[in-house]
Number of protein chains: 6
Amino acid sequence: MKLLLVNPNISTDVTEVMAAEARRSASAGTEIVAATARFGALYIENRVEAAIASHAVLDALAEHGAGVDGAIVSAFGDPGLAAARELFDIPIVGLEESALLIAWTLGRRCSIVAMTERLGTWFREAAREHGLDGRLVSVRALAAGPSDIARAKDELRDRLIAEALKAVDEDGAEVVILGGGPIAGLAREAADQIPVPTLDGVSCAVRLAEALVGLTPRPPERGSFARPPAKPARGLSSPLGKLIDRAP
Amino acid sequence: MKLLLVNPNISTDVTEVMAAEARRSASAGTEIVAATARFGALYIENRVEAAIASHAVLDALAEHGAGVDGAIVSAFGDPGLAAARELFDIPIVGLEESALLIAWTLGRRCSIVAMTERLGTWFREAAREHGLDGRLVSVRALAAGPSDIARAKDELRDRLIAEALKAVDEDGAEVVILGGGPIAGLAREAADQIPVPTLDGVSCAVRLAEALVGLTPRPPERGSFARPPAKPARGLSSPLGKLIDRAP
Amino acid sequence: MKLLLVNPNISTDVTEVMAAEARRSASAGTEIVAATARFGALYIENRVEAAIASHAVLDALAEHGAGVDGAIVSAFGDPGLAAARELFDIPIVGLEESALLIAWTLGRRCSIVAMTERLGTWFREAAREHGLDGRLVSVRALAAGPSDIARAKDELRDRLIAEALKAVDEDGAEVVILGGGPIAGLAREAADQIPVPTLDGVSCAVRLAEALVGLTPRPPERGSFARPPAKPARGLSSPLGKLIDRAP
Amino acid sequence: MKLLLVNPNISTDVTEVMAAEARRSASAGTEIVAATARFGALYIENRVEAAIASHAVLDALAEHGAGVDGAIVSAFGDPGLAAARELFDIPIVGLEESALLIAWTLGRRCSIVAMTERLGTWFREAAREHGLDGRLVSVRALAAGPSDIARAKDELRDRLIAEALKAVDEDGAEVVILGGGPIAGLAREAADQIPVPTLDGVSCAVRLAEALVGLTPRPPERGSFARPPAKPARGLSSPLGKLIDRAP
Amino acid sequence: MKLLLVNPNISTDVTEVMAAEARRSASAGTEIVAATARFGALYIENRVEAAIASHAVLDALAEHGAGVDGAIVSAFGDPGLAAARELFDIPIVGLEESALLIAWTLGRRCSIVAMTERLGTWFREAAREHGLDGRLVSVRALAAGPSDIARAKDELRDRLIAEALKAVDEDGAEVVILGGGPIAGLAREAADQIPVPTLDGVSCAVRLAEALVGLTPRPPERGSFARPPAKPARGLSSPLGKLIDRAP
Amino acid sequence: MKLLLVNPNISTDVTEVMAAEARRSASAGTEIVAATARFGALYIENRVEAAIASHAVLDALAEHGAGVDGAIVSAFGDPGLAAARELFDIPIVGLEESALLIAWTLGRRCSIVAMTERLGTWFREAAREHGLDGRLVSVRALAAGPSDIARAKDELRDRLIAEALKAVDEDGAEVVILGGGPIAGLAREAADQIPVPTLDGVSCAVRLAEALVGLTPRPPERGSFARPPAKPARGLSSPLGKLIDRAP
């Protein structure tokens with residue numbers, strides 16, 4: 001099967017990091033293709049950047065989504081995820097929702113470790129919007145983020161692991177999620193250093209997308225995720241505009 | 001004081017309807033100026049259109065917000081409201097949040113009447129995101145929406161009032177909110193026909209914005225609503241891009 | 001417009017403090033008149049004193065409420081607020097509810113700072129009764145209250161500000177509410193010393209009351225806030241008794 | 001042991017009805033003494049009457065509480081219950097809280113049947129204040145209340161039973177509570193006609209009070225239910241005033 | 001009346017400890033008989049042991065329940081309690097549910113002190129399953145459990161009391177529950193050392209069972225606690241199998 | 001990979017039905033082996049049968065779990081699931097939890113259709129125990145269950161589909177789950193007849209188990225899902241007893 005990984009921020013370096021980990025995580029037979037947002041911020045940390053990224057995700061899926069079996073909104077925080085499910089018929093997953101759903105099967109107290117305070121706020125709000133904050137015992141954040149987002153994993157490795165250990169010791173976390181697309185792969189690499197199951201978003205999203213594509217659920221014809229009726233639109237990219245107003 | 005009313009959809013007719021009611025609702029001494037989104041859909045009904053509108057609201061505030069004392073995100077559903085508060089220092093209110101906050105003082109069981117099912121879903125999700133769904137005993141919707149959104153108030157008047165009466169009779173609503181920017185003014189006009197306090201978003205937003213401006217709260221320097229640090233950005237309108245990356 | 005400020009405790013000194021701040025906070029054209037409870041305790045800190053004050057608030061509104069456009073139950077904790085709304089047709093607000101509703105528009109994490117532990121318990125229970133405790137990340141209290149309730153603001157100023165700063169630093173408060181009628185005005189005076197928006201009850205109540213009076217919501221004929229039917233009563237003050245049993 | 005049953009409304013006829021059922025429900029060796037509120041309404045149905053009754057309950061306990069082992073606030077809705085626990089050292093129970101606590105052991109879906117809509121609203125709010133509304137699947141009310149409150153049980157018997165059967169059939173109630181002090185005894189008399197366990201407040205309160213007195217919990221010296229410090233008071237009955245200001 | 005105390009673990013020493021305290025706690029006229037689980041673990045601390053104990057409780061009630069008026073599932077954590085109520089017609093209570101229900105009448109902030117972390121997890125989950133975790137401000141646990149479960153009360157006395165005091169000081173507990181069947185009686189013995197009401201499960205369960213038996217609620221014929229229809233079964237003890245498949 | 005499907009009831013016919021659908025749902029390369037409970041009821045509908053089945057699931061996993069990569073507790077309602085995760089190191093999933101987690105990605109309003117009322121109650125309680133009832137808008141049940149549980153799918157097909165359509169029409173369900181192991185496969189067969197995504201437990205559990213095995217999470221050494229310490233046990237099957245007391 002072919003999965004499209006959409007990076008909602010504008011950094012192609014980050015796209016590369018995430019696509020590489022997605023390929024490492026995928027089953028044999030799964031092909032990963034990647035796309036980067038046309039507009040927005042270098043990386044996404046707050047409500048402003050997430051609002052713009054939600055639009056950018058729809059824009060990218062409209063441009064690159066033809067012919068894929070499923071898609072991944074590849075920023076932890078899942079900008080535009082619910083909107084994307086409304087506009088497209090293929091299974092679409094997000095990094096944070098996937099990690100939280102997988103975490104559900106592994107423990108009852110879950111902690112997310114974030115690179116910055118502001119990311120932590122966003123992740124907490126996204127968990128709440130997903131209705132999946134009920135087992136979140138903490139969202140921890142580093143005092144300072146990365147100097148180069150494309151090398152965040154190496155730069156922050158020791159501090160993120162230290163924070164994960166605090167989540168276990170002080171918050172009683174039974175599952176730890178290392179939140180943030182740019183640090184994809186760290187959960188796998190650090191498994192021996194953290195005494196509870198540790199997840200990241202990219203690998204969970206890839207495996208969950210595979211499961212969903214395998215289940216072949218039919219697209220809804222009813223309810224709030226059915227494809228919306230056409231409506232006049234203006235000022236959008238050509239592929240996205242066509243999906244919305246469907247004018248010839 | 002001067003308040004900016006931003007219409008998050010692209011219909012200037014709807015902008016006119018809402019600005020007119022805002023002027024009728026305002027205190028003496030309050031000036032209303034209005035702006036319309038540069039891009040998006042004719043009106044906003046679902047997560048796709050709301051995601052795009054959130055970006056458009058930031059875009060419009062960046063372009064038109066200089067010199068105003070406060071602003072109104074003038075679509076019920078409040079697209080981009082929290083993001084806007086993060087990016088701008090003036091008080092900013094939304095139609096749905098304002099109506100729900102005012103409703104809090106008038107009863108304990110509240111119902112929103114929406115023009116369409118899909119709007120109802122959006123309104124319910126916005127109430128939940130605001131943390132203000134605890135008193136919402138129902139969200140009711142008409143079976144069919146307006147044929148012309150700019151004349152929705154007249155076209156749907158009788159059906160909306162009938163639905164409001166059902167909210168009182170069947171759901172025990174103690175306050176009714178007629179949701180939707182395009183029907184601004186109907187709550188005032190129909191007060192005699194509905195036996196409980198009835199609100200709409202525009203008038204509540206105007207009066208609440210006046211109260212907030214009068215209280216002169218200081219902008220936050222801490223927390224998730226403090227102005228975010230600058231960050232490289234691409235593909236945004238010039239005024240919005242300057243607010244985000246602050247490059248000279 | 002004319003607003004009646006009812007002090008639910010028996011201290012006329014406290015009435016003066018609150019009325020003075022109400023006048024400072026009001027719009028031009030708003031007149032504030034004040035009344036003090038006929039019976040009860042010197043100030044209100046616990047469920048016993050609040051239960052008695054609820055009765056005293058109804059008693060005072062019955063005696064002094066003729067001819068006013070709106071009223072303020074002027075003790076943080078809002079004793080008798082819901083009952084008052086059931087018995088009178090004018091808009092009535094409380095200090096705590098008003099401050100919480102205004103706080104909703106300014107941040108997502110709110111903290112109340114109280115003069116004593118026992119006040120803190122009362123404020124927390126009132127927030128819960130109002131259905132507005134969802135964003136309350138802490139209620140902080142001083143170790144010792146004022147020696148003279150009428151001079152509490154000056155006596156406790158430094159300690160209240162210190163506690164507000166802890167709410168920001170340790171609890172992540174994005175809005176701080178300085179709870180308690182007797183310290184009205186401190187939020188305004190301390191705005192420069194606390195790095196997030198800071199509110200008190202009196203100013204929020206005045207501005208919110210003005211907004212409500214301006215919106216002219218109709219009194220309910222249905223639901224639990226409609227005026228109750230007459231019923232025989234005994235042992236009440238003459239004005240209150242007449243409102244309940246309406247015997248000639 | 002000796003239990004004081006306090007009727008929070010002013011009807012001595014209702015006091016008699018409730019005391020008689022309390023005596024029928026008590027264990028051998030339990031003596032029931034009864035008192036009636038000095039002021040308030042004929043019976044209690046709404047927030048206004050409940051606010052006044054809360055004061056009246058404290059007043060009656062202060063006057064009649066000497067020498068008893070426990071007390072019952074004998075109006076379903078439990079006016080002043082938490083305040084009373086703060087002011088007095090003996091175990092005190094309320095009708096609604098007792099019925100809900102007993103219901104907890106008998107099923108997971110509970111319904112309250114009330115004599116009037118307005119009583120139903122009060123009962124629902126009291127359940128929520130008690131933190132015991134989580135299993136309440138419905139609060140049902142008759143279309144019209146009694147013409148004579150002291151004969152309510154006989155007058156409304158058939159209609160209350162019919163409503164209880166609807167609670168089972170339509171709401172899936174596994175336990176039914178017949179709410180309202182004046183109908184005490186009906187649950188016992190109607191047990192054969194309702195196919196699930198059926199409770200009323202008076203019998204549950206008596207048996208729960210006996211259990212509490214038997215357990216001899218020590219009065220709290222800490223927390224919000226410890227006896228409050230003395231404070232100047234004015235305008236209260238002599239016994240209540242003495243409890244609050246403790247002036248000689 | 002005759003009450004059956006069922007120990008869900010296999011230690012007859014623990015059965016003795018609990019039965020002795022039950023007899024000390026009971027009213028005159030209440031007879032306590034005791035039974036011990038046929039299979040399972042020495043004591044119950046986790047989901048595995050609780051799952052097995054739930055079966056063992058049904059097994060023991062089937063074998064020993066004839067002729068008793070009520071029963072007590074005598075492990076804090078209440079294994080099999082809801083299932084037992086479904087299968088038997090007499091009132092049945094559990095230690096934890098009983099202590100929580102009694103605590104409801106004594107304060108609004110409750111803390112459970114457990115002998116080990118893992119017990120604490122179980123107690124918290126049981127409180128949540130009962131729908132009674134709303135007032136639980138903490139569940140505290142000792143760093144190390146007893147070396148001999150049958151002498152736990154004496155071995156752990158000082159440490160449990162120290163932890164209870166921390167619950168009051170640090171968590172603001174207004175009621176403390178000393179959780180765990182083997183330490184039955186400690187709450188009574190330590191009442192003078194802990195400044196708030198302190199409960200244990202056995203005494204609360206005995207008194208609550210007496211109250212329930214006294215109320216004589218009828219068994220349900222409807223709902224999920226009505227006796228289930230017969231169904232073929234295999235591999236169960238003879239008394240339990242007969243209750244389930246009712247084959248002759 | 002090799003997955004063990006454990007049927008918690010004693011019907012080998014039902015085991016066959018579920019194993020066959022599991023094989024149809026699995027990816028190429030996944031082998032399904034099946035086991036049936038040694039003791040319990042013909043099928044599981046209520047708390048009594050579920051309590052016994054929880055023990056039986058642990059018993060069967062202890063006997064048959066060697067050498068498999070993951071396991072499925074194959075009764076909707078997931079008896080013993082959390083306990084099993086505590087005792088075994090491989091990924092273990094349940095039918096209901098899996099279906100709910102997959103449903104999370106497909107809509108926001110979910111309905112479960114059950115074969116009988118009593119199953120519906122069990123499913124609702126299991127969803128709540130899982131912390132996954134937040135999106136459950138209804139649990140619907142047929143008026144009468146199957147006459148032969150092993151042929152339930154064919155016997156009830158039309159009635160289950162009719163109920164699913166009502167869930168969409170009357171409850172606004174956006175995803176439907178056909179609950180119950182014995183009807184595995186119906187969701188797939190009925191996809192064209194129900195206008196929203198429709199799931200069953202077996203296929204979701206198989207695909208989710210594959211995803212989990214692929215993610216290779218490490219077993220916890222900390223928290224409530226770490227393998228419990230050894231403890232003396234009695235009366236258990238030899239394989240289960242050895243896992244618990246680890247005596248040689």
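Two strands pair if DSSP finds at least two bridges between them; strands (E, at least two residues) and helices (H or I, at least four) are DSSP runs, numbered from the N terminus. The structure is a predicted model, in which local features need pLDDT of at least 70, side-chain atom pairs count only at pLDDT 80 or more, and totals for chains, interfaces and linings use all residues. Residues are numbered from 1 along each chain as its sequence is written, while chains are lettered from A and ligands numbered from 1 in the order in which they are written.

**Exercise 1.** Determine the strand order and the edge strands of the open sheet in chain B.

Solution.
- Begin with β4 (residues 70–73) of chain B, which pairs with β5(B) in the parallel sense over three bridges.
- Within β5(B), B:I92 is the residue opposite B:A71.
- The four strands of the open sheet follow the order β2-β1-β4-β5 (chain B), with parallel pairing.
- β2 (31–36) and β5 (92–94) of chain B each pair on one side only and are the edge strands.
- On average, neighbouring strands of this sheet are turned by 25 degrees against each other, direction ignored; axes are lines fitted to C-alpha atoms, for helices over the stretch in contact, and angles run from 0 to 180 degrees between N-to-C directions.

**Exercise 2.** Classify the packing of α4 and α8 in chain F.

Solution.
- Two packed helices are described by the angle between their axes and the distance between the axes.
- For α4 (residues 95–104) and α8 (residues 201–215) of chain F, the angle is about 80 degrees and the axes are 8 Å apart.
- Angles under 35 degrees count as roughly parallel, over 145 as roughly antiparallel, 65 to 115 as roughly perpendicular and the rest as oblique.
- α4(F) and α8(F) are therefore roughly perpendicular to each other.
- Contacts (C-beta atoms, placed from the backbone, within 7 Å) involve residues including F:L101 in α4(F) and F:L208 in α8(F).

**Exercise 3.** Find the relation between chains C and D and describe their contact.

Solution.
- Superpose by least squares on the C-alpha atoms of residues with pLDDT of at least 70 in both copies.
- A turn of 180 degrees and a shift of 0.0 Å along the axis lay chain C on chain D with an RMSD of 0.0 Å.
- That is the relation of a two-fold axis.
- Of the contact residues of chain C, 100% recur in chain D.
- Chain C and chain D each put 32 residues into the contact.
- On the side of chain C that touches chain D, α2(C) gives the most, with seven residues.
- β3(C) and β10 (residues 233–234) of chain D run antiparallel and are joined by two bridges; C:G40 has D:R234 as its bridge partner.

Notes. Contact = placed C-beta atoms within 7 Å.
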